[in-house]
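Q: Please take a close look at one part of this model and at what lies around it. A plain, connected account would suit a reader who has not seen it before.

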Amino acid sequence: RHPFPAFCRWLRHVTLPSGFLVPFGDTFFHNRPPPSLLFAIAHATRDPLIQWQALQAAKSARSAEEPSPFDLLWFDESLPARPPSADEPLGHLFPAHSGIITSRSSWEDPAAIALVGKGGHGQEAHGHHDAGTLCLFGNGEFLITEPGNISSYPADFFGPNRYAYYNASVFGHNVLQFGGREMRTGPEFRARFLDARFDNRKGALWLVDTTELYDHVQFVRRLVVHLLPGIVAVLDQARLTRTEHLSLRWHTATPVDPDPNGTF
């Protein structure tokens, strides 16, 4: 019953074609979904799609580490596996909590293009100042990524110095920053998805408004367009109440050569 099938759907969308989970917020890089949990839910729901998802997770885990005996404990060999059908949505908006939005060019191609963006709010126990951020995956590897968590928490991480650490700060994410300031904190400050459209034949687009997370702005919005299979465009628009320094850092997974026009 709910929420377990819905959880599997969410997990399917935030798992990249490589088998890794998107490294949003205070997570560890190169995390993978747990096969034993998916096998248990597949067995309970008798859902062939979740069984396929579990087998994909097990295959991915075996390539990196020893399989867990719990995979065998919960695996039901009598349940057939069915890959996503042609009408399985290639993108989806999950508006709850921080909000996650996704688009991909294929469910089965390991070299598929995959985009995963998020909303955000000002009170996240394990969150970062990353409202509106975006990750891009393609050709079997990360292209634009997030730093995730550091190897262990410093003693003062969960306190006033939290956003002095690069990986938690606005600087450490693929979003706009104004005047060198951090985003606002507090549950009342939230990103909002103003538009989201998905079409398995054409692609996806979404418009996220992060105005409430910033000081001294009239509006801050990000439009993301994914034209299938591999064209991605991002348009940031902001209007400030005063002239200030602006920063936008794209965290590429490998070194790049930026030119004077800001492309790389």
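A: Proline 84 sits in the loop that runs between helix 4 (69–74) and strand 1 (91–94). The model is a predicted one. Proline 84 has a relative accessible area of 10%, and because buried means under 20%, this proline counts as buried. Leaving aside residues up to four places away in sequence, proline 84 touches Leu49, Trp52, Trp107 and Glu108. One of these, leucine 49, is 35 residues apart from proline 84 along the chain, and the C-alpha atoms of the two are separated by 6.5 Å.

The loop that holds proline 84 has strand 1 at one end, and strand 1 belongs to an open sheet of 5 strands. The order in this sheet is 1-2-3-5-6, and the pairing is antiparallel. Strand 1 and strand 6 (141–144) form the edges, each of them pairing on one side only. From one strand to the next, the twist averages 15°.

The partner of strand 1 is strand 2 (residues 100–104), and the two pair in the antiparallel sense over 4 bridges. Within this pairing, histidine 92 stands opposite threonine 102 of strand 2. Helix 1 (residues 4–13) packs on the sheet, where it touches strand 1, strand 2 and strand 3 (114–118). The direction of helix 1 makes about 120° with that of strand 1.

Methods. Residues numbered from 1 in each chain as written. Predicted model: local features only at pLDDT ≥ 70, side-chain atom pairs only at ≥ 80, totals over all residues. Heavy atoms only, no water. Buried < 20%, exposed > 50% of the residue type's maximum accessible area, 1.4 Å probe, protein only. Contact = heavy atoms within 4.5 Å. Pairing = 2+ DSSP bridges. Axes fitted to C-alpha atoms, helices over the stretch in contact; angles between N-to-C directions.
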